Amino acid sequence: MRILGIETSCDETAAAVVTDAGAGSARILAHTVRAQLAEHAPYGGVVPEIAARAHLDFLDDVIRATLAAAGLGLGDLDGIAATAGPGLIGGVMVGATTAKALSLVSRLPFMAVNHLEAHALTVRLTDDVPFPYLLLLISGGHCQLLIVEGVGRYVRLGTTIDDAVGEAFDKTAKLLGLGHPGGPAVERAAASGDPERFSLPRPMVGRPGCDFSFSGLKTAVRQACAGLAPDDGQAIHDLAASFQQAVADSLADRCRRAADIFRERCPGGRHLVVAGGVAANGAIRAALSAVAARAGLALAAPPPALCTDNGAMVAWAGLERLRLGLVDPLDFAARPRWPLDAAAPKAAFAGV
Ligand code: ATP
Ligand code: MG
Ligand code: FE
């Protein structure tokens, strides 16, 4: 089975063709990511209207280049998937409408993919990870712990009560003058920093439940920043490292609790999976790997390049859905908000 996937929910215009034949990254027959860094740089963050227009400008070329790199035409595909939410609605509409048009002219099934489900299932594209698994989804807009029982079957154990973790990385980067996107910049700066120099709060650590909070940590970083001596260049690195360690400790504590619940509810489950853009972070992966080992689980994560937004994850989620007959009608409306645990399997739709 070969599926074209389209991702336009934020500031990456991306497309990919994936197959379920073979194994590992070889299943990605071609993929293209056109980031919009220059377009948004003057504003210090993503401007929704500029993103939507840029997707409109780039998407046709991105799809053409992807199909050409795979050496395939529309007629060689089995289906077309696009992110249909949640995300910046203008961009989501550009991607979903393009996918619908391609589906109409090629008479291929259309899959409206939940962007969070795409993050959640990506690990199964490159690794052999069976259901059920415990998922820590850490991205630019989300921070959740879920039990993934199957395609479209998610049980939420916890979520952030304020900021998403990627947002905290991006704000910290801004405070430290490290630019956008913040996560990779903070990780680079932290590599030569002392994580113990600044004593920052460990939000939620020791509290019951599996919820997260990052706004207090953000405030602590802001206060530490304000107290820095202007000639202390090393302080930027030390503060980045201290922040990253505080996040890793907080995520690890929440995952320990979730792992207890997971093992009780799903005794056959073997994996802790981490996904979403922040899952690219090496220090966080290391902390989670220790948690998983202590809980008798294996840590699984997509390769770093598949953690941040890309077309392959959307194509793969579409493929998993098509295998179950979960096809969507062409009047499926793009959704700005679309919680994952409400993404129940929809009735199979015969043809388009
Ligand atoms: P969502 O998936 O919640 O809709 P999004 O699609 O905008 O949000 P992703 O692309 O999944 O988010 O992830 C982007 C986020 O990941 C950004 O906040 C970015 O700073 C963060 N990020 C990327 N790489 C790293 C890294 N190495 N360390 C920490 N954070 C990172
Ligand atoms: Mg992005
Ligand atoms: Fe994302």
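Here's a quick look at two sets of annotated binding-site residues and where they sit in the fold. The model is predicted. Both annotations come from an unreviewed UniProt entry: one "binding site" feature covers His115, His119 and Asp309, and another runs over Leu137, Ile138, Ser139, Gly140, Gly141, Asp170, Gly183, Glu187 and Asn281.

**The His115, His119 and Asp309 set**
- UniProt lists His115, His119 and Asp309 under "binding site"; they're spread over 195 residues of sequence, yet they cluster in space, with a largest C-alpha distance of 8.9 Å.
- His115 belongs to helix 4 (residues 115–121), and His119 is in helix 4 too.
- His115 is buried, because 28 other C-beta atoms lie within 10 Å.
- Setting aside neighbours within four places in sequence, His115 is in contact with Ser9, Thr83, Gly85, Pro86 and Gly87.
- His119 has 29 other C-beta atoms within 10 Å, so this residue is buried.
- Beyond four places in sequence, the contacts of His119 are Leu137, Ser139, Ala275, Gly276 and Met313.

**Ser139 and Glu187 from the other set**
- Ser139 sits in the loop between strand 6 (133–138) and strand 7 (143–150), and is buried, with 24 other C-beta atoms within 10 Å.
- Neighbours within four places aside, Ser139 is in contact with His119, Ala164, Gly166, Gly276, Gly277 and Val278; His119 is a UniProt-listed residue of the other set.
- Glu187 is part of helix 7 (residues 182–190).
- Glu187 counts as buried because it has 20 C-beta neighbours inside 10 Å, and 20 or more is what buried takes.
- Not counting residues up to four places away, Glu187 touches Gln244, Asn281 and Gly282; Asn281 is listed with Glu187 in the UniProt feature.

Note on methods:
Residues are numbered from 1 along each chain as its sequence is written. Chains are lettered from A and ligands numbered from 1 in the order in which they are written. This is a predicted model: local features need pLDDT of at least 70, side-chain atom pairs count only at pLDDT 80 or more; totals for chains, interfaces and linings use all residues. UniProt positions are given in the numbering used here, feature names are shortened, and annotations may be inferred rather than shown by experiment. Helices (H or I, at least four residues) and strands (E, at least two) are DSSP runs, numbered from the N terminus. A residue is buried if 20 or more other C-beta atoms lie within 10 Å of its own, exposed if 12 or fewer, and partly exposed in between; C-beta atoms are placed from the backbone. Two residues are in contact if their C-beta atoms, placed from the backbone, lie within 7 Å.
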